[in-house]
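Let's take a walk through this structure together. Have the sequence and the 3D view ready, and we'll go from one part to the next.

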Amino acid sequence: MSTLITNIAELMTQDLEHRVLKDAAVVVEGERISWIGAAADAPAADDAVDAGGRALLPGWVDSHTHLLFAGDRTAEFEARMAGESYSAGGIAVTMKATRATSDFDLTRLALGRVAEAVSQGTTYLETKTGYGLDVEHEARSARIASTVADQATYLGAHLVPSGQDPEAYMDLVCGPMLTAVRPYVQWADVFCEEGAFTAGQSRRVLEACRDAGLGLRVHGNQLGEGPGVQLAVEFEAASVDHVNYLADKDVDALAGTWAGWDAGSGTGERGTVATCLPACDLSTRQPLAPARVLLDRGIQVALASNCNPGTSYTSSMAFCVTTAVLQMRLSVHEAVRAATYGGALALHKDKGNDADGERAVGSIAVGHRADLHLLNAPSATHLAYRPGMPLTYAVWRAGRRER
């Protein structure tokens, strides 16, 4: 079954050529994109959709979420808005509620959050464990995450539960807990921050998870300058996320990881993506991550929602894009690219076509997965020009129309 989407006013491909096509059309065949070009040259298809002069983008790729949780942290949010500073301790509140929730309800809650994200144009997403924090509940979270998200990340190193000895908990995270979650996850993460895990503890987690065959990510430099970025670079992590407080040496280190990468061809030695989480920055009243500085140094940047109950209870990637344009000094094209191709790069899903049996996400190109986001606007500029407006008109996820 093939579908022609035609009468597209603006097609922002976010492919390696950064093409923006006018009066364009796309053909979707099954789960894949089979043709792109001028609407006047479009081939016949089994079905046709008139885009009505709207803009078409790749679906958002949300590379950092925490969707497996129960409970409510409204009181914490209100206190923070009244002037209290953010600390990692609120994770324990969510842990207690999550442990007390049945498998059925935890799955239902997560699926509801995924549905909310998809309805706003997100077509590929990652989610983490990290609210179970013992072997039984981390394994359960990993299993559920593997069924509700496109990729799953092990975050047993989110916080040391109250009353537990930190070193004994490290033994658990790097031993039985890691073994229990390993069948369900592709990645491991560590919250390397004051009040969470030290540089030494984070190093131990990263070593154990690397040896177990997992890809690596790091929560780093969120609450102050710290070792997170340096550890991420040392361990060749796929991404370091938050990056609010960066010393010159951190920017230099991240830039160095991309020295062997050819952005024009998408080839060479990939580096560590800097993932910015602007919705979280606003909620915690931290300075926004310096995305402009990072991009200007040749560092690949992703935008992600960080959807979680304590510091960023939103899955709106459009909100993140709007914030990046209005307050982080990115162009619309740069912000959309960070929220699509950048996320795919952070998740190692930026490559793949019919020839190798894999399908890339985060960009619109022949052979890539048909993840498409049609805006109720003639151009992507309206995401920033009309902030807060519900501009998602239609969504295709792996070729299937979801909205």
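Are α3 and α4 parallel or oblique to each other? Before we get to that, keep in mind that what you're looking at is a predicted model. Now find the two helices: their axes come within 10 Å and cross at roughly 40°. An angle under 35 degrees would count as roughly parallel, and this one doesn't qualify, so α3 and α4 are oblique to each other. The crossing itself is right-handed. On the α3 side, the contact is made by Asp103, Leu106, Thr107, Ala110, Leu111 and Val114. Meeting them from α4 are Arg140, Ser141, Arg143, Ile144 and Val148.

Both of those helices also touch α2, which covers residues 91–99. Look for its buried residues: Ile91, Thr94, Met95 and Thr98. If you sight down the axis of α2, these residues fall within an arc of 105°, so they line one face of the helix. What do they pack against? The partners are α3 (103–119), α4 (135–148) and the strand β8 (187–192).

That strand is our way into the sheet. Eight strands make up an open sheet with parallel pairing, in the order β5-β6-β7-β8-β9-β10-β13-β14. At the edges sit β5 and β14 (301–303), each pairing on one side only. Going from one strand to the next, the twist averages 25°.

Let's start at the β5 end and step inwards. Strand β5, residues 60–62, is joined to β6 by three bridges, and the two run parallel. Here valine 61 stands opposite tyrosine 124 of β6. Now pause on β6 itself, residues 122–128: how many of its residues are buried? Seven of the seven are, so the strand is largely enclosed by the rest of the structure. On its other pairing, β6 is linked to β7 (residues 151–157) by three bridges, again parallel. Lysine 128 stands opposite threonine 153 of β7 in this pair. And α4 comes back into view here, because it lies across β6 and β7, running at about 165° to β7.

Further along the sheet, β8 pairs with β9 (residues 215–220) in the parallel sense, over four bridges. Phenylalanine 191 has histidine 219 of β9 as its bridge partner.

Next, a second pair of helices. α5 takes in residues 166–174 and α7 residues 199–211, and they pack with their axes 10 Å apart at an angle of about 15°. That makes α5 roughly parallel to α7. Their crossing is right-handed. From α5, the contact draws on Pro166, Glu167, Met170, Asp171, Val173 and Cys174. From α7 come Gln201, Arg204, Val205 and Ala208.

Our last stop is arginine 397, in strand β16 (residues 392–397). Is this arginine 397 buried or exposed? Its relative accessibility is 18%, and buried means under 20%, so arginine 397 counts as buried. Setting aside neighbours within four places in sequence, arginine 397 is in contact with Val114, Val118, Thr123, Asp150, Arg369, Ala370, Asp371 and Glu402. You've met Val114 already, as one of the α3 residues in the contact with α4. Alanine 196 makes a useful marker for distance: it is 201 residues from arginine 397 in sequence and 36 Å away in space, C-alpha to C-alpha.

Notes
Residues numbered from 1 in each chain as written. Predicted model: local features only at pLDDT ≥ 70, side-chain atom pairs only at ≥ 80, totals over all residues. Heavy atoms only, no water. Buried < 20%, exposed > 50% of the residue type's maximum accessible area, 1.4 Å probe, protein only. Arc of directions from axis to C-beta. Contact = heavy atoms within 4.5 Å. Pairing = 2+ DSSP bridges. Axes fitted to C-alpha atoms, helices over the stretch in contact; angles between N-to-C directions. Parallel < 35°, antiparallel > 145°, perpendicular 65-115°, else oblique. Left-handed = near helix turned anticlockwise from the far one by under 90°.
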